[in-house]
Amino acid sequence: MVEYKCFKCGQNIDSKDLDKRFVCPNCGSKIFFKPRVKVKTVKTD
Ligand SMILES: [Zn+2]
């Protein structure tokens, strides 16, 4: 399950809620980001 976060109001939105239309149900913003971002750290020895 992927959870997005509204960039404008900070509302957490399930990805399945964005399947129909990619807008925030709270404020109508269309800008989202993923709160949990897997960052790959590359070690260079
Ligand atoms: Zn919003």
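The following paragraphs describe the fold of one protein chain, taken from a predicted model.

The protein chain comprises 45 residues, of which buried residues make up 4%. Its C-alpha trace extends over about 45 × 20 × 10 Å along the principal axes. The secondary structure consists of three strands and zero helices, and the pattern read along the sequence is accordingly given as β-β-β. Among the contacts with a separation of 6 or more, 26% join residues that lie 24 or more positions apart.

The three strands form an open sheet in the order S2-S1-S3, and the pairing is antiparallel. At the edges of this sheet lie strand S2 (12–14) and strand S3 (32–33), each of which pairs on one side only. In general, the strands of a sheet pair through backbone hydrogen bonds, in either a parallel or an antiparallel arrangement.

Strand S1 comprises residues 3–6 and pairs with S2 in the antiparallel sense over three bridges. Two positions illustrate the register of this pairing. Glu3 stands opposite Asp14 of S2, and Tyr4 has Ile13, also in S2, as its bridge partner. The hairpin formed by S1 and S2 has five residues between the strands. Within this hairpin, Gly10 adopts a positive phi near 80 degrees.

The pairing of S1 with S3 is likewise antiparallel and involves two bridges. Here Cys6 is placed opposite Phe32, a residue of S3. Strand S1 thus has a partner in S2, reached over three bridges, and another in S3, reached over two bridges.

The segment linking the two edge strands can be considered through one of its residues. Phe22 is situated in the loop between S2 and S3. This residue is classed as exposed because 12 other C-beta atoms lie within 10 Å of its own, and a residue with 12 or fewer such neighbours counts as exposed. Phe22 and Phe32 are separated by ten residues in sequence, and the distance between their C-alpha atoms is 9.1 Å. Phe32 is also the residue of S3 that stands opposite Cys6, which relates this loop position to the pairing described above.

Taken together, the predicted model shows an open sheet with the strand order S2-S1-S3, in a chain of 45 residues with 4% buried.

Conventions
Residues are numbered from 1 along each chain as its sequence is written. This is a predicted model: local features need pLDDT of at least 70, side-chain atom pairs count only at pLDDT 80 or more; totals for chains, interfaces and linings use all residues. Two strands pair if DSSP finds at least two bridges between them. Helices (H or I, at least four residues) and strands (E, at least two) are DSSP runs, numbered from the N terminus. A residue is buried if 20 or more other C-beta atoms lie within 10 Å of its own, exposed if 12 or fewer, and partly exposed in between; C-beta atoms are placed from the backbone. Two residues are in contact if their C-beta atoms, placed from the backbone, lie within 7 Å.
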